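Here is a friendly walk through one protein chain, with its charged side chains as the main topic. Please have a look at the sequence and the model before reading on.

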Amino acid sequence: MDGGDGTADLVINKRFVSESELEERRKRRQEEWEKVRKPEDPEECPEEAYDPRSLYERLQEQREKKQQEFEEQFKFSKHQQLLF
């Protein structure tokens with residue numbers, strides 16, 4: 001399937017992140033934190049929040065929120081029309 005050129009291996013390997021890559025990312029994030037940190041902020045960069053949901057679930061939640069906002073906006077405009 002990969003035609004013998006190793007491209008399939010490259011794709012598979014990109015799904016995983018090595019510990020050294022994670023450490024490098026933490027180091028860069030800490031350096032960026034030091035640039036913007038205020039005296040009252042903690043010295044350690046806050047960890048990124050982990051969301052165990054799939055991308056689909058997160059996008060679905062955003063979509064539902066937008067739909068609810070739209071419906072609320074429509075409900076208010078319709079209510080105002082009834083008043084006048």
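## Charged pairs along the chain

A salt bridge joins the side chains of Glu32 and Lys35, with 3.4 Å from N to O. Both residues belong to helix α2, where they sit three residues apart, about one turn of the helix. Glu32 is partly exposed at 45% relative accessibility, while Lys35, at 64%, counts as exposed because exposed begins over 50%.

Please keep in mind that this is a predicted model. Helix α2 (residues 19-36) is where confidence in the chain is highest, with a mean pLDDT of 88.

The same helix offers another pair to look at. Glu23 and Arg26 also lie in helix α2, three residues apart, about one turn of the helix. Their side chains meet in a salt bridge of 3.2 Å, N to O. Glu23 is partly exposed at 41% relative accessibility, and Arg26 is partly exposed as well, at 34%.

Further along the sequence, Glu61 pairs with Arg53 in a salt bridge whose closest N and O atoms are 2.8 Å apart. Which residues does the network of salt bridges with shared partners join? Asp51, Arg53, Glu61 and Lys65 make up that one network. Within this group, Glu61 has a relative accessible area of 31% and is partly exposed; Arg53 is partly exposed too, at 30%.

The three pairs described here can be set side by side:

| Salt bridge | N to O distance |
|---|---|
| Glu23 and Arg26 | 3.2 Å |
| Glu32 and Lys35 | 3.4 Å |
| Glu61 and Arg53 | 2.8 Å |

How many salt bridges are there by this rule? The count comes to eight. As general background, side chains of opposite charge can pair when their charged atoms come close.

## The chain as a whole

Now for the wider setting. The chain has three helices and zero strands, and its elements run α-α-α from the N terminus on. Of its 84 residues, 4% count as buried. The accessible surface comes to about 8500 Å², and carbon and sulfur atoms account for 54% of that area.

How far can the model be read? The mean pLDDT of the chain is 77, with 71% of the residues at 70 or more. Helix α1 (residues 7-13) has the lowest confidence in the chain, at a mean of 51. Where pLDDT is low, the predicted coordinates should not be read in detail.

Note on methods
Residues are numbered from 1 along each chain as its sequence is written. This is a predicted model: local features need pLDDT of at least 70, side-chain atom pairs count only at pLDDT 80 or more; totals for chains, interfaces and linings use all residues. Side-chain values use heavy atoms; hydrogens and water are left out. pLDDT is the predictor's confidence in each residue, from 0 to 100. Helices (H or I, at least four residues) and strands (E, at least two) are DSSP runs, numbered from the N terminus. A salt bridge is a side-chain nitrogen of Lys or Arg within 4 Å of a carboxyl oxygen of Asp or Glu. Buried means under 20% relative accessible area, exposed over 50%, partly exposed in between (1.4 Å probe, protein chains only). Accessible areas come from the Shrake-Rupley method with a 1.4 Å probe; for residues, only the protein chains shown count as cover.
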